[in-house]
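Got a protein model open and not sure where to look? Here's a quick tour to help you find your way around.

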Amino acid sequence: MTAPGNGGGGDVLVVGAGLAGLACATDLVAAGRSVQVLEASEVVGGRMRTDRVDGFLLDHGFQVFNTSYPQVRRRFDLPALRLCPLTPGALVRTSDGGLRRLADPTRQPGSCADLMPGRLMSARDLLALGVLSARDMLAPARPVKGARDTTTLTALADAGLSPELVEEFFRPFLSGVFLEEELETSARFFHLVWRSMLRGTQCLPRSGIGAVPQQLAAALPPGTVRLGTPVSALTDDGVALDGGGELSADRVVVATGPEVAAQLLPGLEVPATRTVTTHYHAAPRPPLNEPTVLVDAQRRFLNTCVVSQAASSYAPEGRALVATSVLGGDGPEQDAVLRGTLAHAYGTDTGGWEHIAVRTVPGALPAMPAPWPLTRTTRVGVRRFVCGDYRATGSVQGALASGSRAAREVLAASGGGRRR
């Protein structure tokens, strides 16, 4: 990685060093193209980054890394990330105050007591959930991608799940996945997400979620990524740099978030986005002795997790790190209210907890209402391309796949083949 510069940008300039931009650059370099990746901030990763504060690792939002995504299996050295798994399934603090576990019986056969009819769901719900899960896990993905799209709420009803189970589990659980509470997100995307959860493992890298984009960037040739290099505009020959100077290139790929992309590419249609805020608390002891996501049927928060139970590296020795996410930005007195809510959710005294930090991520995910196209072209002009999760699906898979498609379309536009 290098500092800003002027002059030629090579065959392709990629604006933005998030997952989509890094995937695009990787594929273009593999095809023999000369690439420069221009990143406005001082670190790679975009929204996928980790801060170190007083010995704690603080991800920007509670993000987990799913090992089942095809793009993940293709691109990453998973052992090098030192992945620490979370418990399959989730705990839910039900509307009556009880605590129930939705476990995966194929991976946690000894933890399925709450799947008995009458505890979290009825016998009819259990059968419907089993059929839904078996279909999504075992059937090819292609029929899902080609199916008529509806909302997730409609898809759950069509699967035969009762409104009671939707309200007690699916709405609170999926609100933390989609960052919206109405379950208006594309059913096609829901089925693919459910499939990935059943087939893969949700993990945290031992060095924080920022290790994921860092691994991609480290595999690029030295000098490919230029940090601290914001782009102010696209020009006929390439890009104009913020503060002066230009870089020229045959092709430009805009791999920023949708808001910046719309500024650089006037007229580009971009979706609305979802904002999430994550509060980090340090506790003298873990309020839950397992790395399991806990959701709330009363929807007082999206989810909470003792992340240091998954990866001890997230907290100094003798302390536990609890990550709790809520929709939207950070409001006044939010921590005080949240601390009381967490006391009830975990069934413990939170008076001795220390509020370490808060991380608000504007535009954390694109809104994906039905019908939502799972992929779309990245070419938006003769020499201009755009990629990002909002051009596919709001996921690691979506960002990487969009970057990969941008690289293919750049190569097709320039004649393909390998240059030497």
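Below are notes on a sheet, the helices around it, one buried serine and a pocket. Keep in mind that this is a predicted model. A good place to start is the open sheet, which has 5 strands with parallel pairing.

**The sheet**
- Going across the sheet, you meet the strands in the order β11-β3-β2-β15-β21.
- As a bit of background, strands of a sheet pair through backbone hydrogen bonds, and the pairing can be parallel or antiparallel.
- The edges are β11 (225–226) and β21 (384–386); each has a single partner strand, so one side of each has no neighbour in the sheet.
- Check out β2 (residues 12–15) and β15 (residues 251–254): they pair in the parallel sense over 4 bridges.
- If you want one spot to zoom in on, Val15 has Val254 in β15 as its bridge partner.

**Helices on the sheet**
- Helix α1 (residues 19–30) lies across β2, β3 (35–38), β11 and β15, and runs at about 170 degrees to β3.
- Helix α13 also packs on the sheet, where it touches β2, β15 and β21. Its direction makes about 165 degrees with that of β15.

**A mostly covered helix**
- How many residues of helix α9 (residues 211–218) are buried? The count is 6 of its 8, so you can call this helix mostly covered.
- The buried ones in α9 are Ala211, Val212, Pro213, Gln215, Leu216 and Ala217.
- Their cover includes α1, β6 (65–66), α2, α3 (78–81), β10 (202–205) and α13.

**Ser196**
- Ser196 sits in helix α8. Is Ser196 buried or exposed? Its relative accessible area is 5%, and the cut-off for buried is under 20%, so Ser196 counts as buried.
- Setting aside neighbours within four places in sequence, Ser196 is in contact with Asn66, Ser68, Tyr69 and Gln202.
- Asp242 is another story: it's 46 residues along the chain from Ser196, and their C-alpha atoms are separated by 40 Å.

**The second largest pocket**
- This pocket holds about 540 Å³ of space.
- It is lined by 21 residues, and Pro70, Ala141, Lys145, Leu192 and Gln397 are the closest to its centre.
- Three elements give two or more residues each to the lining: α2 (70–75), α8 (187–199) and α13 (396–413).
- Which element supplies the largest share of the lining? That's α8, with 6 residues.
- By type, the lining divides into 9 nonpolar, 8 polar and 4 charged residues.

Note on methods
Residues numbered from 1 in each chain as written. Predicted model: local features only at pLDDT ≥ 70, side-chain atom pairs only at ≥ 80, totals over all residues. Heavy atoms only, no water. 1 Å grid on protein atoms, 1.4 Å probe; cavity = no way out; pocket = protein on both sides within 12 Å on 5 of 7 lines; lining within 4 Å. Points joined across faces, edges and corners; volume = space filled by probe spheres on them. Nonpolar A, V, L, I, M, F, W, Y, C, P; charged D, E, K, R; others polar. Pairing = 2+ DSSP bridges. Contact = heavy atoms within 4.5 Å. Axes fitted to C-alpha atoms, helices over the stretch in contact; angles between N-to-C directions. Buried < 20%, exposed > 50% of the residue type's maximum accessible area, 1.4 Å probe, protein only.
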